[in-house]
Amino acid sequence: MPSLLVNIDVPDIDHGVAFYTQALGLHIGRRLGMGCVELLGAEVPVYLLEKSAGTSIGPTGGDTRRYDRHWSPVHLDIVVGGLESAITRATAAGAIQEGDIIDAPYGRLAMFADPFGHGICLIEFSELGYDAIAGSE
């Protein structure tokens with residue numbers, strides 16, 4: 001089975017570390033050179049990679065990195081125990097809440113943009129969690 005880790009591009013590694021440690025309660029595992037920090041405290045390691053805005057996303061990617069608000073179909077969903085306190089922590093660290101708390105069959109969620117334009121959702125699961133929607137199609 002493959003293992004999973006999360007890489008997040010940020011334009012400033014220290015600002016990235018400050019946000020993700022304060023907003024999500026992660027902590028530094030290792031500093032891997034000047035532009036990479038491993039954050040621990042989630043089920044998988046999170047690596048912040050310092051990449052300048054305007055640099056190529058890859059040899060044939062056809063786009064450049066940008067840190068204004070952007071959309072991606074892949075984003076972080078962070079499961080929290082207390083949604084209101086998690087919202088307070090995230091916004092105090094610099095996240096921008098995008099809309100009100102949403103009630104869903106599986107729990108409650110709040111959507112954000114981090115200071116680097118990446119989408120993040122905070123989810124407080126109900127007792128059933130995603131099992132509440134299993135087989136509902």
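Two strands count as paired here if DSSP finds at least two bridges between them. Keep that in mind as you click around this predicted model.

**Stop one: the sheet**

Start by selecting β1 (6–10) and β4 (46–50). They pair in the parallel sense, over 5 bridges. Zoom in on V6 and you'll find V46 of β4 standing opposite.

Now widen the selection. Which strands make up this open sheet, and in what order? There are 4 strands, running β1-β4-β3-β2, with mixed pairing. β1 and β2 (27–31) sit at the edges with a single partner strand each, so one side of each has no neighbour in the sheet. From one strand to the next, the twist averages 30°.

For the antiparallel part, pick β2 and β3: 4 bridges join them. Try R30 here, whose bridge partner in β3 is E38. As background, strands of a sheet pair through backbone hydrogen bonds, either parallel or antiparallel.

Next, show α1 (13–24). This helix lies across β1, β2, β3 and β4, and runs at about 155° to β4.

**Stop two: the faces of β1**

Go back to β1 and turn on side chains. In a regular strand the side chains alternate between the two faces of the sheet. You can see that along β1: V6, I8 and V10 point to one face and are buried, whereas N7 and D9 point to the other face and are not buried.

Stay on I8 and list its contacts. Leaving out residues up to four places away in sequence, I8 touches Y20, V46, Y47, L48, L49, L76 and H118.

**Stop three: the core**

I8 also leads into the largest nonpolar core, which has 27 residues. Which members touch the most others? Select I8, F19, Y20, L48 and L122. To see where the core draws its residues from, colour the elements that give two or more: β1, α1, β3 (36–40), β4, α2 (83–93), β8 (107–113) and β9 (119–125).

**Stop four: the rings**

Show the aromatic side chains next. How many aromatic pairs does the structure hold? The count is 5. One of them is Y106 with F125, an edge-to-face pair at 6.4 Å centre to centre and 65° between the planes. This pair links distant parts of the chain: Y106 is in the loop between β7 (102–104) and β8, F125 is in strand β9, and 19 residues separate them.

The two rings differ in exposure. Y106 counts as buried because its relative accessibility of 16% is under the 20% cut-off. F125, at 30%, counts as partly exposed.

Then select F19, Y20 and F116, which ring pairs link into a cluster. F19 and Y20 will be familiar from the core stop, being among the members with the most contacts there.

**Stop five: a buried arginine**

Where is R65? Look in the loop between β4 and β5 (76–79). Buried or exposed? R65 counts as buried, because its relative accessibility is 15% and the cut-off for buried is under 20%. Draw its contacts, again skipping residues up to four places away in sequence, and you get D9, K51, S52, A53, G54, T55, S56 and I57. D9 is one of the β1 residues on the face that is not buried.

**Last stop: the cysteines**

Finish with C36 and C121. C36 is buried at a relative accessible area of 14%, and C121 is buried at 11%. Don't hunt for a disulfide: a search of the whole structure finds 0.

Terms used: Residues are numbered from 1 along each chain as its sequence is written. This is a predicted model: local features need pLDDT of at least 70, side-chain atom pairs count only at pLDDT 80 or more; totals for chains, interfaces and linings use all residues. Side-chain values use heavy atoms; hydrogens and water are left out. A nonpolar core is a set of buried Ala, Val, Leu, Ile, Met, Phe, Trp, Tyr and Cys residues joined through side-chain atoms within 4.5 Å. Buried means under 20% relative accessible area, exposed over 50%, partly exposed in between (1.4 Å probe, protein chains only). Contact means heavy atoms within 4.5 Å. A disulfide is a pair of cysteine sulfur atoms within 2.5 Å. Rings of Phe, Tyr and Trp (its six-membered ring) pair if their centres lie within 6.5 Å; planes under 30 degrees apart count as stacked, over 60 as edge-to-face and the rest as tilted. Axes are lines fitted to C-alpha atoms, for helices over the stretch in contact, and angles run from 0 to 180 degrees between N-to-C directions.
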